[in-house]
Amino acid sequence: MFDRFEAGENAILVHIDFSDEQNKEDLQELQMLVSSAGVNQVGIVTASRNAPQAKYFIGSGKAEEIAETVKALSADVVIFNHSLSPSQERNLEALVKCRVLDRTSLILDIFAQRARTHEGKLQVELAQLRHISTRLIRGWTHLERQKGGIGLRGPGETQLETDRRLLRGRIKAILKRLERVQRQREQGRRSRKRAEIPTVSLVGYTNAGKSTLFNTITEAGVYAADQLFATLDPTLRKVELSEVGSAILADTVGFIRHLPHDLVAAFKATLQETQEADLLLHVVDYSDAQYRENIDQVNEVLNEIGADEVQQLIICNKIDRLEDIEPRIDRDQEGKPIRVWVSAQNGLGIDLLKKALTECLRKSMVSYTLRIPPNEGKLRGLLYELNCILDQSYSKQGDWLVDIKMLSADWHRIDKKVDHKLSEFIIH
């Protein structure tokens, strides 16, 4: 479909330091992205500009310098730490005589490598197709010609129109399949809501330690590595919390500054776990010098997907890399947990995290003294299962007198399961 140079493994990185905050990117983050993609960095070209240039994104002198560096270092690909327009990519490739990728293409490539589940692969393909569809014009000039040859001459579709039609058809097919996946997810969420099981979603900047924390809490054995976007496919696990009972913990894809809109749109079904959560655990790598900017970027994406109203608990992770920081819970003026300092890698502060989780998720409790007749064996069994009995004795008539304390959600759940209304057994 495209007449483009082959992209090899030896890359030259291009980083422009803009005075405008909107266009600023982090060079170290680009190097981590390149490493995550499995590409070998052979050189870096840096420059400073006030604003991008229309033809090459950079000045023509700097573009010539990149072309010379490519030739000198035998590079196969040039990777920009910024988003390029299709025409800028075309102009640069014509000049440097090798493949040119921008930041968005690099992130999409990493996602394509990481996708494991059927849903993840579909979401990545959708994002890639949407990205490619804007770059079709960069193909050979024959793409603008009509098909030729015997039986194909005369009025008809140009090759470019054919390719666009095929892309539209594939995008439509993927969207239909993702709709089915979304319906299945919604069904699962509805059943969890009916059972009144709270959902906790892990969010945070990529490589903040979400999967390591997830494994430490749930012993799930999810893949975790010190690289960007190690997790792509969401994982759900059940955890038990005192005074709350069962809760669902969801590990999600990490965010990054200037996350491509195609990716946000493609991962809508996955990110819905975050929207529908009862609590967000915002995991922050506090050993990163840019942790404040990372927090802002995550909140920006949460706002974009409509999850900014969900209750948040900040998890200050990687305290093992900081000096004189002990595990602790920070509280607001009302005594409610707002931050927990932990090290997911070493398991420091995990007990405090579970305590804070319990406090954030704990619903209203009910306390009653009940008089239960001997023939209500089913009700007795349910109360023992919940481990909610504080004290018990027997009356002269053989009735069971029991003091209980439980979540109001559990009280309503039992009320639906037994033959008589629980209110009939309440003494006080």
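Which residues of α5 are buried? In this predicted model, the buried residues of α5 are Glu119, Gly120, Leu122, Gln123, Val124, Leu126, Ala127, Leu129 and His131. The helix itself runs over residues 118-133. Its 16 residues reach 22 Å from the first C-alpha to the last, close to the 22 Å expected at 1.5 Å a residue. With this helix as a starting point, the rest of the protein can be explored step by step.

The overall picture comes next. The protein has 428 residues, and 48% of them count as buried. Its secondary structure comes to 13 helices and 14 strands. The accessible surface is about 21,600 Å², and carbon and sulfur atoms account for 46% of that area. When contacts between residues at least 6 apart in sequence are considered, 68% of them join residues at least 24 apart.

Strand β1, residues 10-18, is a good place to see how strands line up. This strand is mostly covered, with seven of its nine residues buried. It pairs with strand β2 (residues 40-49) in the parallel sense, over nine bridges. Within this pairing, His15 has Thr46 of β2 as its bridge partner. β1 also pairs with β3 in the parallel sense, here over four bridges. On that side, Ile12 stands opposite Val78 in β3.

Helix α3 follows, covering residues 86-96. Its buried residues are Pro86, Gln88, Glu89, Leu92, Glu93 and Val96. Seen down the axis of α3, these buried residues fall within an arc of 160 degrees, so they line one face of the helix. What covers them? The cover includes α2 (60-73), β3 (77-80), β4 (99-101) and α4. After α3 comes Lys97, whose phi is positive, near 60 degrees.

Helix α4, one of the elements covering α3, spans residues 103-114. It has twelve residues and reaches 17 Å from its first C-alpha to its last, close to the 16 Å expected at 1.5 Å a residue. Why can α4 be called largely enclosed by the rest of the structure? Nine of its twelve residues are buried, so the helix is largely enclosed. The buried residues are Arg103, Thr104, Ser105, Leu106, Ile107, Leu108, Ile110, Phe111 and Arg114. Thr104, which lies in this helix, has a relative accessible area of 10%. Residues under 20% count as buried, and therefore Thr104 is classed as buried. The side chain of Thr104 is joined to that of Ser83 by a polar contact of 3.4 Å.

A second threonine can be examined in the same spirit. Thr358 lies in helix α11, which runs over residues 350-361. This residue is buried, with a relative accessible area of 6%. A polar atom of the Thr358 side chain lies 2.9 Å from the backbone oxygen of Lys354. Leaving aside residues up to four places away in sequence, Thr358 touches Leu241, Ser242, Glu243 and Val244.

The strands β10 (residues 328-331) and β11 (residues 337-341) offer a contrast in direction to be followed through the chain. These two strands pair in the antiparallel sense over four bridges. Arg328 has Trp341 in β11 as its bridge partner. Together the strands form a hairpin with five residues between them, and Gly335 in the turn has a positive phi of about 85 degrees.

Positive phi values also turn up in residues other than glycine. One of them is Asn207, with a positive phi of about 70 degrees. Asn207 is found in the loop between β5 (199-204) and α7 (210-218). Is this loop residue buried or exposed? Asn207 is buried, with a relative accessible area of 17%. Another is Asp324, whose phi is near 60 degrees. Asp324 sits in the loop between β9 (312-317) and β10. Its relative accessible area is 76%, and Asp324 is exposed.

The last stop is Ser423, in the segment after α13 (408-417). At 51% relative accessibility, Ser423 counts as exposed, because the cut-off for that class is over 50%. Ser423 and Leu370 are 53 residues apart in sequence, while their C-alpha atoms are 8.9 Å apart in space.

Methods
Residues are numbered from 1 along each chain as its sequence is written. This is a predicted model: local features need pLDDT of at least 70, side-chain atom pairs count only at pLDDT 80 or more; totals for chains, interfaces and linings use all residues. Side-chain values use heavy atoms; hydrogens and water are left out. The expected span of a helix is 1.5 Å times one less than its number of residues. Buried means under 20% relative accessible area, exposed over 50%, partly exposed in between (1.4 Å probe, protein chains only). A polar contact is a pair of N or O atoms within 3.5 Å; within protein, one must be able to donate a hydrogen and the other to accept it, and residues adjacent in sequence count only if both atoms are side-chain atoms. Contact means heavy atoms within 4.5 Å. Accessible areas come from the Shrake-Rupley method with a 1.4 Å probe; for residues, only the protein chains shown count as cover. The arc is that of the directions from the helix axis to the C-beta atoms. Two strands pair if DSSP finds at least two bridges between them.
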